[in-house]
Amino acid sequence: MIVVSARDLTKADGTDVILENVSFHINQGDRVGIIGINGAGKTTLLRMLTGELPYEEGDCFISSDLRIGYLKQDAGFDSERTILEEAQAVFDHFPQMEREMQQLLQQASEDPQHSEAALGRYEQIHERYDRMGGYSYQSELRGILTSMAFDESMYDKKIRTLSGGEKTRLALAILLLEKPDILFLDEPTNHLDIGTLKWLEQYLRGYRGTIVLVSHDRYFLNETVTRIFEVENHRLNIYEGNYAFYAAERKVRRETELRTYEKQQKEIARQEEMIRRFKQRGTEKLAKRAASRERQLEHMQRLERPGGEHGKMSLQFHQEFQSGKDVLLAEDLSKAFGYGHERRELFHGVRLDLKRGERVCIVGDNGTGKTTLLRMFLGETEPGAGRIRIGHNVQFGYYDQGQQLLNDDLTVIEELQDAYHLYSDGELRNILGRFLFRGEQVFLPVGSLSGGEKARLSLLKLMLSGSNVLVLDEPTNHLDIESKEVFEEALLDFPGTCIIVSHDRYFLNKIPTRICELTREGLVEYLGKYDYYVEKKQEQNTREHMQQLSQGGRAASPKTPREGIGQPLHEEQELTPAEQRRRKKEQEAEERRTRRAREAAEAEIARLEEEIEGLQRELALPEIMTDAKRLQDLSEQLSRSQEALDAAYEKWVELQEEV
């Protein structure tokens with residue numbers, strides 16, 4: 001069934017055409033990814049489909065009986081509610097139904113004359129309550145908030161105090177809880193770490209509605225969508241597959257289109273040469289033939305050169321001089337913030353030995369301190385402990401993900417003049433043209449640029465720096481797909497060294513010579529790219545799980561340094577034998593305590609689940625439905641058991657985290 005259709009949609013901003021004669025249809029259950037360069041009109045198309053933006057020409061249709069959900073790019077809330085209050089507001093109908101059922105039970109017990117009607121009404125509401133998920137919405141609410149990186153300690157935070165990224169994540173969480181029939185998502189992967197991205201991919205793959213999303217995340221597109229809409233040169237090209245299919249098919253289409261274009265250009269040149277020669281002869285007969293061929297050329301539908309309108313960014317990193325073989329050595333680095341009870345440790349025991357020519361990518365959850373670690377390497381942040389040794393002839397070049405190194409008050413060309421005085425204005429304008437800053441754009445204030453434009457300007461400054469060690473913090477965040485591909489090729493050709501923080505998994509499958517995962521206990525090294533990293537992580541998790549099962553649920557013993565690739569050394573190696581024995585006994589005693597508590601919690605969960613099943617079976621008996629007093633007692637008992645089960649699960653989760 002078609003749920004969204006568009007015919008000849010046209011949108012312009014004054015005299016600038018954004019989209020022209022765009023036509024398509026979307027079926028129920030489709031998962032569509034909209035891609036294109038920055039400024040191509042992707043968000044404009046999404047806003048027209050949601051009714052936020054009018055269009056000049058054409059028609060757009062969305063089934064009127066469908067509920068629409070729209071996540072805007074960098075969406076926020078203007079609310080005095082807390083995180084939990086905002087999430088619970090999605091399910092306001094459940095508490096209302098619960099109150100209504102309670103009133104009907106009370107009415108049935110107090111007014112026997114009308115008890116049958118009250119119980120009948122109760123049964124209708126109860127059946128709808130159960131079907132809509134009334135018994136599971138609290139766990140679903142908490143599960144989605146947790147998956148979007150909002151743990152219970154954040155539930156009472158006021159929304160107005162959240163960062164922009166946190167507000168966007170909350171907006172996405174609320175949208176997923178609402179379960180609209182059509183999800184319109186504009187850059188949903190912004191502000192998500194790899195763990196949250198993987199969860200979102202799995203959730204969207206199982207989503208029963210229709211999904212239309214804008215994204216530059218190639219890995220995410222590959223995992224979630226079944227159709228690609230490419231916005232290019234004001235038009236829409238449709239590919240019936242995921243991103244991998246699109247990339248392969250697009251290459252074939254471009255080659256075919258280029259051959260067709262070149263063939264037409266040769267034919268035009270041949271005809272023009274014949275016309276010139278006919279006219280040169282000067283005879284009446286040949287003049288008529290020349291006029292005839294000129295008319296044919298005038299009526300010919302001339303093809304545009306494929307991909308020729310916007311051009312590509314031109315990027316090539318170089319180093320002014322080569323560094324020594326040993327670039328950087330970090331030993332036992334640690335960092336914490338705050339004091340006393342407020343003290344929060346980011347990491348300890350970080351070790352890294354970086355050699356010339358390596359491309360090391362650092363991954364980890366949000367908040368683990370990846371940016372802080374980069375700033376330590378650069379000397380901008382002091383470690384709490386440990387030391388860093390910088391090698392011979394090392395010259396760092398830094399790309400910061402917030403583009404804080406740019407001056408918003410300068411124009412684009414002044415930003416370069418301020419840093420590179422030896423270049424003439426003409427040379428700088430030529431260089432800026434290679435980065436798609438053309439004409440009057442070079443006089444725009446830096447503060448007025450989009451995220452993608454600032455990213456290109458930052459990469460340009462990095463290219464001109466001639467640094468031999470590039471330190472890059474989320475460099476692909478604001479780049480469109482074409483710019484990402486150009487950037488990746490430039491890094492692969494760079495003869496120097498790279499240290500990169502990234503959550504772009506497609507990028508992580510192309511660039512690194514090794515991946516380092518930053519945890520609280522240090523850096524764990526994986527000598528491969530992203531897919532290898534995921535495979536080894538899964539193997540490690542499976543081993544730990546099997547080890548726990550083989551020990552009757554007891555937590556696995558800590559690994560020795562050689563059990564994980566590049567795992568940091570533990571301080572136990574430096575302890576005396578007596579101290580090691582004492583610590584081992586303390587650890588074993590703590591493990592026994594935790595195991596007993598966990599076994600008790602599991603037994604309590606099993607007992608409560610069995611009790612709840614029995615109560616639900618009893619509530620369904622015909623004779624109970626006619627006994628108002630017994631029905632009310634059983635409902636109250638079921639409610640108490642559900643609350644006890646929630647508490648038991650919370651206790652069990654706490655014990656799991658202690659393992």
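**Exercise 1. The lining of the largest cavity**

Determine how the lining of the largest cavity divides into nonpolar, polar and charged residues in this predicted model.

*Solution.* Begin with the residues themselves: the largest cavity is lined by Glu-187, Thr-189, Asn-190, His-216, Asp-217, Glu-474, Thr-476, Asn-477, Lys-484, Ser-502, His-503 and Asp-504. Next, sort them with the rule that Asp, Glu, Lys and Arg count as charged, while residues that are neither charged nor on the nonpolar list count as polar. The sorting gives seven polar and five charged residues, and no nonpolar residue. Finally, add the volume, which is about 140 Å³ for this largest cavity, and note that the structure holds one cavity of 30 Å³ or more.

**Exercise 2. A salt bridge across the sequence**

Find which residue forms a salt bridge with Arg-505, and explain why the pair ties together parts far apart in sequence.

*Solution.* As background, side chains of opposite charge can pair when their charged atoms come close. The partner of Arg-505 is Glu-201, and the closest N and O atoms of the two are 2.4 Å apart, which can be set against the cut-off of 4 Å for a salt bridge. Now place each residue in its helix: Arg-505 belongs to α16 (residues 505–508) and Glu-201 to α7 (residues 194–205), so the salt bridge links parts that are 304 residues apart in sequence. By the same rule, the count for the structure comes to 45 salt bridges.

**Exercise 3. A three-stranded sheet and its helix**

Work out the strand order of the open sheet that contains β1, β2 and β4, and describe what packs on this sheet.

*Solution.* The order is β2-β1-β4, and the pairing is antiparallel. The edges are therefore held by β2 (16–27) and β4 (57–62), since each of these strands pairs on one side only. On average, neighbouring strands are turned by 15 degrees against each other, direction ignored. Helix α1 (residues 42–49) packs on the sheet and touches β1, β2 and β4, with a direction that makes about 55 degrees with that of β2. Looking at one pairing in detail, β1 (residues 2–13) and β4 are joined antiparallel over five bridges, and Ser-5 stands opposite Phe-61 in β4.

**Exercise 4. A hairpin**

Identify the residue with a positive phi in the hairpin of β8 and β9.

*Solution.* Strands β8 (residues 227–232) and β9 (residues 235–239) run antiparallel and are joined by five bridges, with Glu-230 having Asn-237 in β9 as its bridge partner. Two residues lie between the strands, and in this hairpin Asn-233 takes a positive phi near 50 degrees.

Conventions
Residues numbered from 1 in each chain as written. Predicted model: local features only at pLDDT ≥ 70, side-chain atom pairs only at ≥ 80, totals over all residues. Heavy atoms only, no water. Helix = DSSP H or I, 4+ residues; strand = E, 2+ residues; numbered from the N terminus. Axes fitted to C-alpha atoms, helices over the stretch in contact; angles between N-to-C directions. Contact = heavy atoms within 4.5 Å. 1 Å grid on protein atoms, 1.4 Å probe; cavity = no way out; pocket = protein on both sides within 12 Å on 5 of 7 lines; lining within 4 Å. Points joined across faces, edges and corners; volume = space filled by probe spheres on them. Salt bridge = Lys/Arg side-chain N within 4 Å of Asp/Glu carboxyl O.
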